[in-house]
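Me: I'd like a close look at one part of this protein, the stretch of neighbouring strands and the charged pairs around it. Could you walk me through it, and then bring in a few other spots for context?

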Amino acid sequence: MASFARPLLAAAVALALPASLALAQAPAFLVEDIDPGSMVRGSDPGAFVELAGSALFAASGDLWRTDGTPAGTHLLRDLADTRDLTRAGVLVFFVARSAATWELWRSDGTTAGTRVLARFDDEPVALTAFGGQLFFSGSDPAHGAELWSSDGTSEGTRLVADIREGGEGSAPLELTEFGGALWFSADDGVVDRELWISDGTSQGTVRFADLSSNGGSFPRSFTHLGGLLFFTAVDGDNRELWVTDGSIGGTEKLTDLTNGSASPLGIHGGLLFFSVLFPSQDELWVSDGTVLGTRRVRDGFFTFTEGASFADAFFFGARDRDNGVELWRSDGTEAGTFLAADIAPVGGSSTPRDFEVVGDRLYFQAFGFAGTELWSTDGTAAGTLLVRDVLPGVDSSRPDSLFALGDRLLFSADDGSVGRELWRSDGSAEGTTRVANLASDAAGALPPPGRSEFAAVGSSLVFRAEIPGAPDDGLYLSKGTAASTEVLIGIQNFGGTTFDDASAQLTPHDGALFFHRGGVPNALWRTNGEPGDATLAVSVPANLGAPRRLASTGAALFFASARFQPFLDALLVSDGDGPAEPVAVVPLNGFTAPGIVSIAAAGGRAFFYELRTFEASKLWTSDGSEAGTLPLADFVPGFTDSLTDFIDLDGTLFFTGNTEASGHELWRSDGTAAGTTLVKDVDPGPGPGIEPLGGSFILPTLRSRFASDGDGTLYFAADDGASGRELWKSDGSEAGTQRVMDVAEGPAGSDPTDLVSVGGRLFFAADDGVSGRELWTSDGTRAGTRRVADLAPGPESSSPAGLVAAEGLVLFAATTAAAGRELWASDGTEAGTRQLADVAPGPASSDPEAFFDRRLGLAYLSADDGVAGRELWALPIGEILGCRDGFDNDGDGLRDFPDDPGCPRPGALREDPACQNGLDDDEDGHFDFDGGLSALGFLAGDPDPDCSEATVAFESGACGLGAELALALPALFWLAKRRRRGREIS
């Protein structure tokens with residue numbers, strides 16, 4: 001194990017005091033650096049797309065959003081290999097890789113509005129906006145790669161035209177919107193690859209022209225200029241420049257080259273600039289769309305890079321006979337074409353590329369005296385300057401993916417310390433800074449937020465983490481100290497992708513935790529939370545596979561287990577000891593349908609959802625017997641999200657169900673077919689009132705989108721088709737299902753997420769369209785629904801997430817400019833909302849995820865301090881709860897308000913230490929008044945003038961400890977003095 005990092009003062013207290021009293025005084029501390037190995041790695045941000053004043057982008061394979069500030073940069077979806085971000089209308093579409101397939105996703109810039117639309121065997125390519133929708137080349141086994149479109153819904157993602165019948169496909173490429181039509185190249189199997197056009201319908205998708213009489217013309221490099229569309233096409237041995245105005249008569253070849261190849265560079269001043277490559281040299285050409293207006297500007301070049309229109313010229317990178325690849329400019333004439341700046345050292349090439357205009361400067365990447373860094377120009381040699389040497393010296397930060405967002409430049413760069421990360425620039429050296437470190441310097445041992453798995457059993461925390469130096473993961477046990485943090489048992493990591501499978505699935509049952517550890521034998525294990533206690537508990541029949549989808553009804557433990565020869569899936573039940581018995585068997589459609597995809601418990605019964613690909617999927621219920629295992633209702637076939645969200649409300653199961661008539665809506669079931677009904681069609685018709693989750697059906701839902709106030713009211717987010725996604729409530733009846741408040745007035749929706757009930761009040765995150773995404777609370781009435789606090793003032797968002805109930809408080813992660821993304825607590829008032837810890841000091845972010853269970857004595861965090869990576873941290877519960885009526889949170893033997901004088905009011909978030917404990921609570925070098933303790937001679941120094949007598953107002957340091965400290969004072973004083981000196985030296 002790695003060294004245990006926790007404050008010395010807390011350690012000394014622990015030696016002398018009871019655990020509850022000692023822990024009540026400690027700040028947040030690292031429990032154990034499970035994986036001490038460190039490596040520099042970057043998130044490699046790129047593929048920026050602007051959406052509503054922010055930029056969506058891919059980093060570390062995930063989808064992120066940023067407004068160019070640390071506080072405004074947050075993760076939208078934890079995915080794999082996100083790519084090809086493309087905006088169409090008010091949505092951004094993109095492609096992500098799942099375990100076995102490629103997925104098409106959409107996002108409206110919110111986490112809830114980011115979801116999967118369709119899955120394909122091969123990667124969708126050529127994503128292009130046309131008519132407010134997305135068009136792309138998608139592939140399925142029946143048609144091969146053909147033209148598809150999507151309106152942003154699963155139902156509206158469809159095949160447009162089967163151009164080449166059969167499984168080979170026409171492979172549409174180079175999709176471009178022009179003149180009210182979609183232009184592209186495709187191969188129909190008759191005339192090879194030619195120019196095609198589509199109006200978005202099957203009937204309106206036709207071959208526009210056969211440009212080559214000898215094989216295909218392979219059109220590509222489509223470029224708009226006014227009412228013209230330029231492209232290149234093969235004619236004999238040459239790639240010529242062509243133009244069209246959208247008509248057959250207006251389509252003509254502009255060049256007649258010999259052994260040449262034309263390639264567009266960019267547009268400026270009503271001209272297309274393009275290069276022509278010959279065997280002996282390259283040439284710069286321009287065209288106004290006519291044969292006479294297509295001419296050579298200058299010869300003698302040998303290399304071109306891409307270009308950009310800026311100020312009064314076209315800028316590009318090129319190499320001529322006298323210079324390396326440097327920055328050139330041209331107005332379209334030979335006299336007006338000249339070297340703009342020679343950046344590289346003598347004899348070298350700066351190779352300028354990745355041009356982006358922001359304000360009155362043109363930015364680009366170039367190699368110079370400082371390596372490959374960010375440069376900008378005003379168009380003159382004197383005004384061509386290095387912006388900042390991000391990686392000082394001759395080493396290179398290699399800025400990439402330059403993107404203009406308003407008046408600032410976003411880009412990726414590697415400063416040599418944290419790998420390739422997100423940066424921004426205002427054009428000055430001091431204004432060029434790293435926005436965020438999206439990938440920790442150290443790998444850490446815990447999974448990213450949203451995938452953490454914590455469970456309490458007895459007085460121990462059980463959680464999943466990487467085993468250092470091992471290919472698999474492990475279940476760990478901790479009681480809040482390094483010595484008590486140890487591997488309980490290894491968990492097989494299928495496919496070598498850490499945390500991507502959910503083999504642990506920690507499930508409480510009969511006072512213990514049950515889980516599946518992967519591998520052989522196929523069985524359930526149990527632990528009571530003590531070191532070394534992990535035993536085989538439930539055996540699975542030999543002809544079945546690994547247990548999964550565990551759920552406990554209290555009396556019985558239910559889970560699924562599959563067999564693939566023949567294909568079937570079984571529901572098994574056990575009392576937690578001995579062999580499990582199958583009570584239902586459902587068919588599998590090969591590997592394309594996973595059978596039982598979710599199991600829930602309500603009213604002492606189990607409910608499970610059987611997914612089918614080509615026929616109706618089914619909701620079942622079981623009382624643990626074969627006779628009592630019955631189907632309840634049918635839902636749409638295919639990869640849907642029914643029963644991915646569910647909640648037990650007074651013995652009735654509430655869940656999202658998907659039917660062709662009503663779409664995704666709120667359903668309920670009492671365990672009978674007659675009692676399994678649609679509660680209300682919030683968005684009448686097939687439109688989804690409750691947005692489907694999307695994502696992989698393999699992973700269980702870690703946090704439901706439902707919350708109950710404990711008094712028969714259910715809260716959820718829904719869209720009625722007019723007001724956007726807003727907060728709704730239901731008593732289980734159609735009449736009692738209604739919108740609570742239109743938080744963001746109008747059709748936009750506030751997108752409530754992370755709903756959690758605390759003391760009969762609801763807390764959630766929402767965006768009212770004015771103050772950004774912040775913490776809100778509601779008592780179920782419009783008048784009682786309000787924003788708690790604007791932690792990121794103005795339209796910026798603190799983006800609360802991971803809300804956890806904590807005895808009258810809600811814990812959550814939030815982002816501020818000063819502290820980054822850290823742990824906060826709130827009692828529902830602005831005054832009672834405070835930051836609990838700054839694990840990654842300053843504006844850096846630890847991105848915490850909290851777990852609260854009072855029995856443990858500590859609240860645990862998955863957090864990244866920027867040094868150890870994502871590891872296990874803890875906070876004393878007393879530090880969180882403060883003055884909560886009825887508890888002795890600081891362990892001084894006095895129950896909080898009204899008995900404890902350190903808690904003058906029940907709403908106080910922490911106790912104030914009285915001036916009577918003899919300690920220097922505020923560390924000002926003066927010791928509090930306490931005649932009795934001081935007389936013992938343990939303490940030295942002047943009395944604190946702010947605590948001249950025991951009745952003086954309380955100081956703001958640590959909580960008062962009480963007289964139990966007398967035996968520990970010598971060690972406390974010595975350690976506190978050393979800690980103070982250490983800070984002064986540092």
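Reply: Here is a walk along the strands, followed by the charged pairs and a few other sites. Bear in mind that this is a predicted model.

Let's start with strand 18, which covers residues 220-225, and strand 19, which covers residues 228-235. These two run antiparallel and are joined by 4 bridges. If you want a landmark for the register, look at Thr223, whose bridge partner in strand 19 is Phe230. The connection is a hairpin with 2 residues between the strands. Gly226 sits in that turn and has a positive phi of about 60 degrees.

Strand 19 has another partner in strand 20 (residues 238-244), again antiparallel, and here 7 bridges do the joining. Your landmark this time is Ala233, which has Glu240 of strand 20 as its bridge partner. Once more there's a hairpin with 2 residues between the strands, and Gly236 in the turn shows a positive phi of about 70 degrees. In general, strands of a sheet pair through backbone hydrogen bonds, in either a parallel or an antiparallel way.

Now for the charges. Asp235 makes a salt bridge with Lys253, and their closest N and O atoms are 2.6 Å apart. That pair links distant parts of the chain, with Asp235 in strand 19 and Lys253 in strand 21 (residues 251-253), 18 residues apart. How accessible are the two ends? Lys253 is partly exposed at a relative accessible area of 27%, and Asp235 also counts as partly exposed, at 29%.

The salt-bridge count for the model is 23. One of them brings together the side chains of Glu123 and Arg83, at 3.0 Å from N to O. Glu123 is in the loop between strand 9 (115-120) and strand 10 (125-130), while Arg83 is in strand 6 (residues 83-88), so this pair ties together parts that are 40 residues apart in sequence. Glu123 is partly exposed, with a relative accessible area of 24%, and Arg83 is partly exposed too, at 28%.

There's a salt bridge between Arg855 and Asp853 as well, with the closest N and O atoms 2.7 Å apart. Its two ends fall into separate classes: Arg855 counts as exposed at 53% relative accessibility, whereas Asp853 counts as buried at 15%. Going back to Arg83 and Glu123, salt bridges with shared partners join these two and Asp81 into one network.

Another arginine to zoom in on is Arg548, which lies in strand 46 (residues 548-552). Arg548 is buried, with a relative accessible area of 18%. What does its side chain meet? There's a polar contact of 2.5 Å between the side chains of Arg548 and Asp569. A polar atom of the Arg548 side chain also lies 3.0 Å from the backbone oxygen of Ile596. Arg517 is placed in another way: its charged end sits over the ring of Trp525, 4.9 Å from the ring centre.

Rings also pair with one another, and the count of aromatic pairs comes to 31. Take Phe301 and Phe304, a tilted pair with centres 5.1 Å apart and 50 degrees between the planes. Both of these phenylalanines are buried. Ring pairs connect them with Phe273, Phe314, Phe316 and Trp328 in a cluster.

Last stop: an open sheet of 4 strands, in the order 59-60-61-62, with antiparallel pairing. The edges are strand 59 (707-708) and strand 62 (738-741), each of which pairs on one side only. Strand 59 pairs with strand 60 (residues 714-719) in the antiparallel sense, over 2 bridges. Within that pairing, Ala707 stands opposite Tyr715 of strand 60.

Farther along, the loop between strand 61 (725-730) and strand 62 holds Glu734. This residue is exposed, at a relative accessible area of 52%. Leaving aside residues up to four places away in sequence, Glu734 touches Val679 and Lys680. The C-alpha atoms of Glu734 and Val679 are 5.4 Å apart, although the two residues are 55 residues apart along the chain.

Technical notes:
Residues are numbered from 1 along each chain as its sequence is written. This is a predicted model: local features need pLDDT of at least 70, side-chain atom pairs count only at pLDDT 80 or more; totals for chains, interfaces and linings use all residues. Side-chain values use heavy atoms; hydrogens and water are left out. Two strands pair if DSSP finds at least two bridges between them. A salt bridge is a side-chain nitrogen of Lys or Arg within 4 Å of a carboxyl oxygen of Asp or Glu. Buried means under 20% relative accessible area, exposed over 50%, partly exposed in between (1.4 Å probe, protein chains only). A polar contact is a pair of N or O atoms within 3.5 Å; within protein, one must be able to donate a hydrogen and the other to accept it, and residues adjacent in sequence count only if both atoms are side-chain atoms. Contact means heavy atoms within 4.5 Å. Rings of Phe, Tyr and Trp (its six-membered ring) pair if their centres lie within 6.5 Å; planes under 30 degrees apart count as stacked, over 60 as edge-to-face and the rest as tilted. A charge sits over a ring if NZ of Lys or CZ of Arg is within 6 Å of the ring centre and within 35 degrees of the ring normal.
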